[in-house]
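Open the structure in your viewer and keep the selection tool handy. We will take a short walk from stop to stop, choosing what to select and saying what is there.

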Amino acid sequence: MGHCIQAIVTRAEIADRLQTAYPELPRVVARQRFVIFPIDAEFIDSLTEAQPSRPSDETFMLLTDSFRDFLRGLSRLGRVAYIETEYFGGTGGQGAVVYSDCQVIMEPEWRESGPINRALKMIGVKRHLLGDRFSALGLGAYRSNDDLIDAAMK
């Protein structure tokens with residue numbers, strides 16, 4: 001079984017403003033007043049209106065320089081995290097980056113585990129006593145961006 005998502009995670013009030021500017025983004029209401037926006041290459045390419053760009057980091061699938069600039073600008077509204085997972089059959093990894101006030105507050109990090117929980121902590125997700133922030137937000141319920149998009153349609 002795999003897990004492969006690419007998404008922006010932020011507080012609901014920031015998400016409201018993001019969705020006003022980009023109404024085409026599917027919106028998944030998560031726990032603790034957070035919102036998850038699944039992101040794809042088509043959306044990122046639409047931000048630059050240019051030829052598809054390559055990821056600026058070999059481990060991330062979609063974290064291009066232009067998308068990093070977009071996230072940096074978006075963070076003027078408040079803290080935002082971009083997360084990716086790429087697991088299949090128990091192997092793979094995850095990555096995250098966090099922006100606030102147009103600054104990187106967590107550099108892009110890719111590891112087997114850990115970066116997403118660190119990023120979620122930085123944007124204010126609280127963990128349960130016996131769990132992590134990934135689970136507290138409900139991210140385990142979504143194995144792919146298609147799962148997130150299906151949830152947004154409900």
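**Stop 1: a strand on the inside.** Select residues 6-11, which form strand β2. Of its 6 residues, 5 are buried, so β2 is largely enclosed by the rest of the structure. Buried here means under 20% relative accessible area. Please bear in mind throughout that this is a predicted model.

**Stop 2: the partners of β2.** Keep β2 on screen and add residues 80-88, strand β5. The two strands run antiparallel and are joined by 5 bridges. For one pair to look at, pick Gln6, whose bridge partner in β5 is Glu84. Next, add residues 34-38, strand β4. Here too the pairing with β2 is antiparallel, over 5 bridges. Click on Ala7 and look across to β4, where Pro38 stands opposite.

**Stop 3: two loop residues with positive phi.** Which loop holds Arg33? Arg33 sits between β3 (28-29) and β4. Its phi is positive, about 65 degrees, although Arg33 is not a glycine. Show the surface, and Arg33 turns out to be exposed, with a relative accessible area of 57%.

Now jump to Asp101, in the loop between β6 (91-100) and β7 (103-111). Asp101 is not a glycine either, yet it has a positive phi of about 50 degrees. Is Asp101 buried or exposed? At 56% relative accessibility, Asp101 counts as exposed, since the cut-off for that label is over 50%.

**Stop 4: a helix with a buried face.** Select residues 115-122, helix α4, and colour its buried residues: Pro115, Ile116, Ala119 and Leu120. Turn the view until you look down the axis of α4; these buried residues fall within an arc of 130 degrees, so they line one face of the helix. A helix rule helps here: an α-helix has 3.6 residues a turn, so residues three or four places apart point the same way.

What do the buried residues of α4 pack against? Display β2, β5, β6, β7 and α5 (133-137) to see their neighbours. That brings β2, the strand from our opening stop, back into view. Before leaving, select Gly124, which follows α4 and has a positive phi near 105 degrees.

**Stop 5: another helix.** Finish with residues 41-48, helix α2, where the buried residues are Phe43, Ile44 and Asp45. Add residues 65-74, helix α3, to see what the buried residues of α2 pack against.

Definitions and conventions:
Residues are numbered from 1 along each chain as its sequence is written. This is a predicted model: local features need pLDDT of at least 70, side-chain atom pairs count only at pLDDT 80 or more; totals for chains, interfaces and linings use all residues. Side-chain values use heavy atoms; hydrogens and water are left out. Buried means under 20% relative accessible area, exposed over 50%, partly exposed in between (1.4 Å probe, protein chains only). Helices (H or I, at least four residues) and strands (E, at least two) are DSSP runs, numbered from the N terminus. Two strands pair if DSSP finds at least two bridges between them. The arc is that of the directions from the helix axis to the C-beta atoms. Contact means heavy atoms within 4.5 Å.
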